[in-house]
Amino acid sequence: MRKLQTEYIDLCLIHQPFNDYYGTYRAMEEAYKEGWIRAIGVSNFYPDRLVDLCSFVEVKPAINQVETHIFQQQKIAHEYMEKYGVQHESWGPFAEGRKDFFTNPVLNEIGKKHDKSAAQVALRFLLQSDVVVIPKSTHKERMEENINVFDFVLDESDMNTIRALDEKESLFFSHYDPAIAEMMIKLH
Ligand SMILES: NC(=O)c1ccc[n+]([C@@H]2O[C@H](COP(=O)([O-])OP(=O)(O)OC[C@H]3O[C@@H](n4cnc5c(N)ncnc54)[C@H](OP(=O)(O)O)[C@@H]3O)[C@@H](O)[C@H]2O)c1
């Protein structure tokens, strides 16, 4: 807190479900009860880990931040988050630009109807799917573009067209992969 020069933290997440994450979570629960952290949650907890955690903690995670975008929509994970009252938050809402994200013809075609960019359509799709988004940009004009998504609505036909883009697979990595676990553990 001294290093952050703040009196409280809005939200604190466990990055990945590795090592003693129950110990970490219990410490976060204490900090939450003391009022130092206003909300606590997790990230990259796939449904099995999330169900387990939610079943044995006192303070339910407010958020689970997982890779979510038009190509990996996380429908099953979303159902479990809903069931346990955990807000689904997307990391990589633009798939970090992979798969020619910003020139995707479906997003651009739908965007034309609303006078919006592919990026804006992609964010709007997630918001209308009850997914919180935290798009990243180093450009001011893109930050403005990315926040300017609350003045249009995708209809059910647009939503269904985008739902059909789901490949139900990560474009990055799986936390179930032991080689990825080894790599992540070395990072910490
Ligand atoms: N929990 C986790 O394990 C995890 C993992 C990865 C990321 N994250 C977090 O997720 C958040 C999202 O970031 P992300 O890195 O995953 O990627 P992202 O938001 O999917 O994509 C970021 C990329 O899109 C570009 N971009 C942004 N807005 C654009 C626009 N309107 N038009 C065209 N290009 C645009 C950015 O370029 P410019 O910057 O050049 O504009 C950048 O290259 C970050 O806060 C990150 O820390 C969390």
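Me: Ala, Val, Leu, Ile, Met, Phe, Trp, Tyr, Cys and Pro count as nonpolar, Asp, Glu, Lys and Arg as charged, and the others, Gly among them, as polar. With these classes, how do the residues of the lining of the largest pocket divide?

Reply: This is a predicted model, in which local features need pLDDT of at least 70 and side-chain atom pairs count only at pLDDT 80 or more, whereas totals for chains, interfaces and linings use all residues. Residues are numbered from 1 along each chain as its sequence is written, and side-chain values use heavy atoms, with hydrogens and water left out. Rolling a probe the size of a water molecule over the atoms shows where empty space is left. A pocket is an open set of points, on a 1 Å grid over the protein atoms alone, where a 1.4 Å probe fits, with protein on both sides within 12 Å along at least five of seven lines; lining residues have an atom within 4 Å of a point. Here the lining divides into eight nonpolar, seven polar and four charged residues, and Phe94, Glu96, Phe102, Lys136 and Ser137 are the closest to the centre among the 19 that line the pocket.

Me: Which elements give two or more residues to that lining?

Reply: Elements are DSSP runs numbered from the N terminus, helices being H or I of at least four residues and strands E of at least two. H5 (118-128) and helix H6 (140-147) each give two or more residues to the lining, and H6 gives the most, with three.

Me: How many helices and strands does the protein chain have?

Reply: The chain has eight helices and five strands, in the order β-α-β-α-β-α-β-α-α-β-α-α-α along the sequence. The radius of gyration, taken over C-alpha atoms, is judged against a globule rule of 2.2 Å times the number of residues to the power 0.38. The chain's value is 18 Å, close to the 16 Å that this rule gives for 188 residues, so the chain is as compact as a globular protein of that length. Its C-alpha atoms fill a box of roughly 50 × 35 × 30 Å along the principal axes.

Me: Is H5 largely enclosed or open?

Reply: Burial is judged by relative accessible area (buried under 20%, exposed over 50%, partly exposed in between, with a 1.4 Å probe and protein chains only). Nine of the 11 residues of H5 are buried, so this helix is largely enclosed by the rest of the structure; those nine, Arg124 and Gln120 among them, pack against strand S4 (87-91), H4, strand S5 (132-133), H6 and H7.

Me: Which element gives the largest share of the largest nonpolar core?

Reply: A nonpolar core is a set of buried Ala, Val, Leu, Ile, Met, Phe, Trp, Tyr and Cys residues joined through side-chain atoms within 4.5 Å. The largest has 22 residues, and Val121, Phe125 and Leu107 are among those with the most contacts inside it. Helices H4 (105-114), H5 and H7 (156-163) each give two or more residues, with the largest share, seven, coming from H5. A second, separate core of 19 residues includes Tyr21, Leu50, Ala77 and Met81.

Me: Where in the chain is Asn19, which has a positive phi?

Reply: Most residues other than glycine have a negative phi, and most peptide bonds are trans. Asn19, with a phi of about 55°, lies in the loop between strand S1 (9-14) and helix H1 (21-34) and is exposed at 76% relative accessible area. Lys99 also has a positive phi of about 55°, is found in the loop between S4 and H4, and counts as partly exposed at 40%.

Key
Contact means heavy atoms within 4.5 Å.
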